[in-house]
Amino acid sequence: MTGSFLEVKNLKTHFFTRYGTVKAVDGVSFSVKRGETLGLVGESGCGKSITCRSILRLVPYPAGRIVGGEILLEGKDLLQMKDDEMRKIRGDKIAMILQDPMTSLNPVFRIEKQLSEGIRIHTHLKKRDIWERACELMKSVRIPAPEMRLKDYPHQLSGGMRQRVVGAIALSSEPALLIADEPTTSLDTTIQAQFLNLLLGLQRQLGLSMIVVTHDFGVVARICNEVAVMYAGKIVEKAAVREIFNHPMHPYTRAMMDAVPKVEERVDRLASIDGQPPSLYSLPKGCAFRDRCQYVIPKCQIEEVPPLVETKPGHLVRCWKSEPNNE
Amino acid sequence: MNDTILEIQGLKKHFPVTSGVLVSRPVGWVRAVDDIGFSIRKGETFALVGESGCGKTTTAKVILLLERPTDGSVKFHGKNIYNLKGKNLRQYRASTQVVLQDPSSSLNPKMRVGSIVAEPLLVNNGASMSSKAVKQRVDEVLLQVGLQPEAARRFPHEFSGGQKQRIALARALSLSPDLIVLDEPVSALDVSIRAQAMNLFKDLQAELGVAYLLIAHDLATVRYMAHEVGVMYLGRLAERSLSEELFTNPLHPYTKALIAATLPSHPDLISGEEVLSGEVPSPLNPPPGCRFHGRCSHVMPVCREVDPLLKEQAKGHFVACHLFE
Ligand SMILES: Nc1ncnc2c1ncn2[C@@H]1O[C@H](COP(=O)(O)OP(=O)(O)OP(=O)(O)O)[C@@H](O)[C@H]1O
Ligand SMILES: Nc1ncnc2c1ncn2[C@@H]1O[C@H](COP(=O)(O)OP(=O)(O)OP(=O)(O)O)[C@@H](O)[C@H]1O
Ligand code: SF4
Ligand SMILES: [Mg+2]
Ligand SMILES: [Mg+2]
């Protein structure tokens with residue numbers, strides 16, 4: 001079977017609060033091909049985590065609700081599924097690595113218990129075999145002396161090891177799609193590189209599809225095939241990874257790339273993006289990036305939000321300036 | 001011309017590891033900092049890099065008089081800071097300030113921004129400064145970091161992360177220090193705000209001639225900010241050099257591995273070098289010989305037995321590795 005494993009169409013997840021409605025995810029569409037990795041990039045609060053939680057239907061309730069769209073997994077809409085069907089998908093097909101590794105491990109249980117749980121539900125193996133499978137998983141995420149480590153509590157492991165255990169737990173159900181929300185943000189450079197390599201290796205071995213959430217274009221460069229850049233709840237640019245690095249088109253994407261120092265060359269002066277991301281409670285009219293944009297034209301202020309337009313095959317941009325007649 | 005403001009020599013900080021419930025006795029030592037030396041020059045940035053736990057913050061704490069060194073010296077304009085008394089000690093405290101990683105937790109939430117920024121002025125000058133002069137100075141430093149003077153009336157929670165970091169910087173600047181320790185100053189900030197903060201640090205350095213001791217684990221940040229770099233591993237300096245020399249001609253296998261592990265700025269620039277395996281061993285019992293030998297891809301028999309010395313390979317470029325003995 002070819003094509004997309006997961007297809008998200010016009011997803012809308014809103015929060016209804018005392019202070020108003022927050023459109024945390026506002027008409028987001030993307031797809032993930034089998035065995036490929038999509039990077040979801042953007043700064044804090046732009047809706048990356050809520051997009052991921054929506055896919056698993058784990059949006060904080062009752063304030064947050066998925067109010068529209070489709071999430072097609074191998075053609076079947078997850079949003080139409082019954083709760084028990086959805087639970088099965090979560091235990092079986094899709095696994096998620098949460099933003100903070102400490103919150104996804106329970107501090108009062110040994111690693112063994114936390115890891116066995118997923119295996120037991122998924123495989124119905126016997127006790128002895130579960131233990132062996134747990135050891136295997138610990139080995140696959142390259143934890144030395146797994147037999148001993150299984151007896152440890154989370155606080156006895158280093159940050160890098162904890163993250164690998166979280167990875168092992170996510171893989172224990174043999175998922176086809178792995179959603180990793182900022183999997184390496186809190187880690188040392190070297191441990192981060194190790195973990196990203198590990199993900200790449202496992203992906204090759206198991207044919208996993210992945211969604212990787214990050215605010216770091218370096219992570220994208222390292223492991224993604226495709227990128228979607230989010231800003232204030234919407235995708236503002238989407239393209240294959242080399243295309244976006246070679247020809248970034250949205251002013252936000254460009255600005256982000258120019259604002260990051262490089263290890264490979266000396267940069268005299270970083271271009272910085274003025275201002276801050278807008279509050280989702282009171283988005284400006286027009287383009288959400290207009291107040292920070294270097295290329296702003298009157299049209300950006302008056303008209304409605306610019307549409308996401310395919311400027312060349314596979315490269316989508318949401319900006320009035322990237323329309324051919326505005327060049 | 002001698003522009004050195006701080007000179008660190010043979011610095012050691014060992015923490016006792018104790019056992020026993022009633023009478024605790026030391027059963028070993030964590031060699032957090034174990035014989036390092038470097039100097040910081042006026043108006044320049046010296047960066048310490050290295051993996052978590054290698055001793056960067058401990059070094060800074062010794063410099064900030066928050067930890068007493070086990071051995072070695074820190075000289076401020078030629079005088080050991082641990083022998084300073086009275087006026088000289090006050091002067092040293094005033095001339096070294098700090099900005100920490102997390103702006104939300106480093107600012108007192110119950111104090112107005114004006115009081116936060118004024119605090120070092122009041123502590124250092126006691127009653128000798130008129131409240132008008134204090135207010136004037138607060139307004140001045142707030143403007144220097146790009147905030148409006150009316151920010152003084154507000155509370156920290158009313159500001160974004162990047163603005164809070166500016167407030168912390170304004171506070172550090174209030175006494176016109178010679179040196180500011182920046183411990184991971186941008187890693188808690190949003191990506192789009194980081195460049196603003198880094199540029200601000202650089203601009204103020206050019207304007208005021210303040211020196212920075214920058215602690216960071218991201219090498220790209222270090223290359224952008226630093227004049228000189230010390231690469232730390234398990235309490236030691238593995239390599240020390242002017243920044244551009246270090247990045248264009250890294251010598252120590254550990255430095256090379258750190259550079260290789262840094263995320264690329266383009267998918268075509270993914271490093272072919274092998275990623276460093278394993279983790280930093282415990283500083284409780286650092287390995288014999290070269291501390292890096294267990295993770296080094298060039299390890300030779302001598303590395304397991306003899307501790308390599310930091311030797312000058314090119315002018316101002318020091319490395320501690322048997323490959324260069
Ligand atoms: N429980 C909630 N109630 C109200 N608003 C919420 C809630 N949870 C999230 N939001 C809003 O939804 C928006 C998107 O949040 P999300 O967690 O997806 O951001 P993110 O892109 O993952 O950011 P980060 O990089 O900081 O993790 C935020 O602006 C936030 O204010
Ligand atoms: N008060 C203390 N008592 C005992 N050990 C300590 C103490 N402070 C630090 N250490 C140990 O000293 C070593 C160096 O710690 P330090 O905080 O200097 O590292 P660092 O390089 O700043 O790391 P990070 O990047 O994680 O901030 C670590 O092994 C740490 O556990
Ligand atoms: S001294 Fe030996 S072990 Fe240490 S870095 Fe050099 S080659 Fe590697
Ligand atoms: Mg998030
Ligand atoms: Mg530290």
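## Burial of Arg223(B)

A residue counts as buried when its relative accessible area is under 20%. Arg223(B), in this predicted model, has a relative accessibility of 5% and therefore counts as buried. The residue belongs to helix H8 of chain B, which spans residues 219-225.

Contacts of Arg223(B) come from both chains once neighbours within four places in sequence are set aside. In chain A they are Lys262(A), Val263(A), Glu264(A), Glu265(A) and Arg266(A). In chain B they are Ser243(B), Glu244(B), Phe247(B) and Thr248(B). For Glu264(A), the backbone oxygen is 3.4 Å from a polar side-chain atom of Arg223(B).

## Surroundings of ligand 1

Ligand 1 is surrounded by 14 residues, and the closest of them are Ser44(A), Gly45(A), Lys48(A), Ser49(A) and Ile50(A). Gly45(A) has a polar backbone atom 2.8 Å from an oxygen atom of the ligand. From the side chain of Lys48(A), an N or O atom is likewise placed 2.8 Å from an oxygen atom of ligand 1. For Ser49(A), a polar side-chain atom is 2.7 Å from a ligand oxygen atom.

On its own, ligand 1 has 640 Å² of accessible area, of which the protein covers 71%. Two elements of chain A each give two or more residues to the shell around the ligand: strand S1 (4-17) and helix H1 (48-55). H1(A) supplies the largest share of that shell, three residues.

## Helix H1 of chain A

How enclosed is H1(A) by the rest of the structure? The helix is largely enclosed, because six of its eight residues are buried. These are Lys48(A), Ile50(A), Thr51(A), Cys52(A), Ser54(A) and Ile55(A). Of these, Lys48(A) and Ile50(A) are also listed among the closest residues to ligand 1.

Just after the helix, Arg57(A) adopts a positive phi of about 55 degrees.

## A buried charge at Glu226(A)

Glu226(A) is located in strand S9 of chain A, residues 226-231. The residue is buried but forms no salt bridge. Its nearest side chain of opposite charge belongs to Lys238(A), at a distance of 4.1 Å. The cut-off for a salt bridge is 4 Å between a side-chain nitrogen of Lys or Arg and a carboxyl oxygen of Asp or Glu.

Residues up to four places away in sequence aside, Glu226(A) touches Ser31(A), Thr37(A), Leu38(A) and Gly39(A). Its other contacts are Lys238(A), Ala239(A), Ala240(A) and Val241(A). Lys238(A) is thus listed both as a contact of Glu226(A) and as the owner of the nearest side chain of opposite charge.

Definitions and conventions: Residues numbered from 1 in each chain as written. Chains lettered and ligands numbered in written order. Predicted model: local features only at pLDDT ≥ 70, side-chain atom pairs only at ≥ 80, totals over all residues. Heavy atoms only, no water. Helix = DSSP H or I, 4+ residues; strand = E, 2+ residues; numbered from the N terminus. Buried < 20%, exposed > 50% of the residue type's maximum accessible area, 1.4 Å probe, protein only. Lys, Arg positive; Asp, Glu negative; His and termini not counted. Contact = heavy atoms within 4.5 Å. Near = heavy atom within 4 Å. Polar contact = N/O pair within 3.5 Å; in protein donor to acceptor, adjacent residues only side chain to side chain. Areas by Shrake-Rupley, 256 points an atom, 1.4 Å probe, with all protein chains shown as cover.
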